[in-house]
Amino acid sequence: MSDKNQKPIILTGDRTTGPLHIGHYAGSLRNRVALQEGHEQYLLLADLQALTDNSGDIAKVRESVLEVALDYLAVGIDPEKSTICLQSHLPALSELALLYLNFVTVARLERNPTIKDEIATLGFARNVPAGFLCYPASQAADITAFRATLVPVGADQAPIIEQTNEIVRRINAACGMDVLPEATPLIPKSGRLPGIDGKAKMSKSLGNAIRLSASTDDVRSAVRHMFTDPGHLRASDPGQVEGNVVFTYLDAFDEDQSAVEDLKRRYRDGGLADAKVKDRLFEVLETLLEPIRRRRKEYAADRAQVIEMIRQGTARAREVTDQTRADVMSRIGLFRLDK
Ligand code: TRP
């Protein structure tokens, strides 16, 4: 089962609830482009997980599948190196999730800090969809079905991986052998990118995101409206760099970090206008997004080709995940019809 020549397996994914933004790029996509070299990488279009809090808008979940796939391709995910696959078309994930639900308690799910936060943010109480409360078990199925040992995710997802590993230990105990490996989260050092309004989270639903598919005009307008230092009224005033979104983005995206340090010094000293720093950021973001935008358009023009790519990726993923499902089910001690 474990082959020494085998590259480490990575599984990560995104809920299909809309196009991805530059926060996803800084936090994860950029990393995945690098990781597809030297790893066996699977990217899951998590449409079933998207449904856990979007059952009232299935059209959005459906239509976002291609949007997210286009974002992957546009940033440089190479379908020859990474496998892009669709969750709802991988039945082993659902079967394993249903099995795993017997190895977690409602109390433990409710205690998961990520779930707790999200339930509060979404305003759920007892009316939380059961699928939402239980999505850590489903995500555990996603991860383990691929036997992934590395899971690149944002810091907010670490408690889900922790819970995955608890489930892995229980399943292994029930099977009497290590049928599943534990997984390690790969969390980016730079924290989460704030929204253009300075709020802690960049999110499409908060309207403070810059999409990877944003037009030049969208980028210009986002930068113009971007939160800076509210105390920096005149260019001549000394300004604050910490919590100043323009500088946070320059830190995240400017290739020339010594130029950024120089700008910071001049801003702190006073005498550097917000507009000047914003001009720099606009240029940096355009340099990043222009090729992404161009590639995205090319792929979007051939929808059938993108669908075929997902179909092939899903077929490959199906072989791997069906095998894991069969291994777990045959070892866990349920009745067997094959012997
Ligand atoms: N919950 C993840 C998010 O919201 C998306 C996801 C679904 C995922 N399945 C996964 C991430 C498996 C890592 C591994 O970002």
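Is threonine 314 buried or exposed? Keep that one in mind while we look at the whole chain; we'll select the residue towards the end. One thing before you start clicking: this is a predicted model.

**The whole chain**

Start with everything shown as a cartoon. You should be able to pick out 14 helices and five strands. Turn the model along its principal axes and the C-alpha atoms fill a box of roughly 80 × 45 × 40 Å. With 339 residues, a compact globule would have a radius of gyration near 20 Å, and the 22 Å of this chain agrees with that.

Now switch on the surface. The accessible area comes to about 16,800 Å², and 52% of it belongs to carbon and sulfur atoms. Buried residues make up 47% of the 339. If you draw contacts between residues at least 6 apart in sequence, 78% of them join residues at least 24 apart. Colour by charge next: there are 44 positive and 47 negative charges, and their mean positions are 2 Å apart.

**The aromatic pairs**

Hide the surface and show the rings. A search of the whole structure turns up five aromatic pairs. Select tyrosine 42 and phenylalanine 146: their ring centres sit 4.7 Å apart with the planes at 40 degrees, so this pair counts as tilted. Follow the backbone from each ring and you'll see that the pair links distant parts of the chain. Tyrosine 42 belongs to strand β2 (residues 40-46), while phenylalanine 146 is in the loop between α8 (135-145) and β4 (150-152), 104 residues apart. Both of them are buried.

For another geometry, go to phenylalanine 132 and tyrosine 135. Here the centres are 5.4 Å apart and the planes meet at 70 degrees, so the pair is edge-to-face. Phenylalanine 132 has 0% relative accessibility and counts as buried; tyrosine 135 is buried too, at 1%. Add Phe124 to the selection, and you have one aromatic cluster made of Phe124, Phe132 and Tyr135.

**Arginine 147**

Go back to the loop between α8 and β4 and select arginine 147. What is the phi of this residue near? The angle is near 55 degrees, a positive value in a residue other than glycine. For context, most residues other than glycine have a negative phi. Arginine 147 is also buried, since its relative accessible area of 15% is under the 20% cut-off.

**Valine 241**

Next, jump to the loop between α10 (216-224) and α11 (245-253), where valine 241 lies. At 7% relative accessibility, valine 241 counts as buried. Which residues does valine 241 touch, not counting those up to four places away in sequence? Show Phe247, Lys264, Tyr267 and Arg268 as sticks and you have them. While you're here, draw a distance from the C-alpha of valine 241 to that of glutamate 162: these two are 79 residues apart along the chain and separated by 35 Å.

**Back to threonine 314**

Last stop. Find helix α14 (residues 303-331) and select threonine 314 in it. Here's the answer to the opening question: threonine 314 is buried, with a relative accessible area of 9%. To see what is around this side of the helix, leave aside the neighbours within four places in sequence and show the contacts of threonine 314, which are Ile84, Cys85, Leu86, His89 and Leu90.

Note on methods:
Residues numbered from 1 in each chain as written. Predicted model: local features only at pLDDT ≥ 70, side-chain atom pairs only at ≥ 80, totals over all residues. Heavy atoms only, no water. Helix = DSSP H or I, 4+ residues; strand = E, 2+ residues; numbered from the N terminus. Rg over C-alpha atoms; globule rule 2.2 N^0.38 Å. Buried < 20%, exposed > 50% of the residue type's maximum accessible area, 1.4 Å probe, protein only. Contact = heavy atoms within 4.5 Å. Areas by Shrake-Rupley, 256 points an atom, 1.4 Å probe, with all protein chains shown as cover. Lys, Arg positive; Asp, Glu negative; His and termini not counted. Charge placed at Lys NZ, Arg CZ, Asp CG, Glu CD. Phe/Tyr/Trp six-rings, centres within 6.5 Å; stacked < 30°, edge-to-face > 60°.
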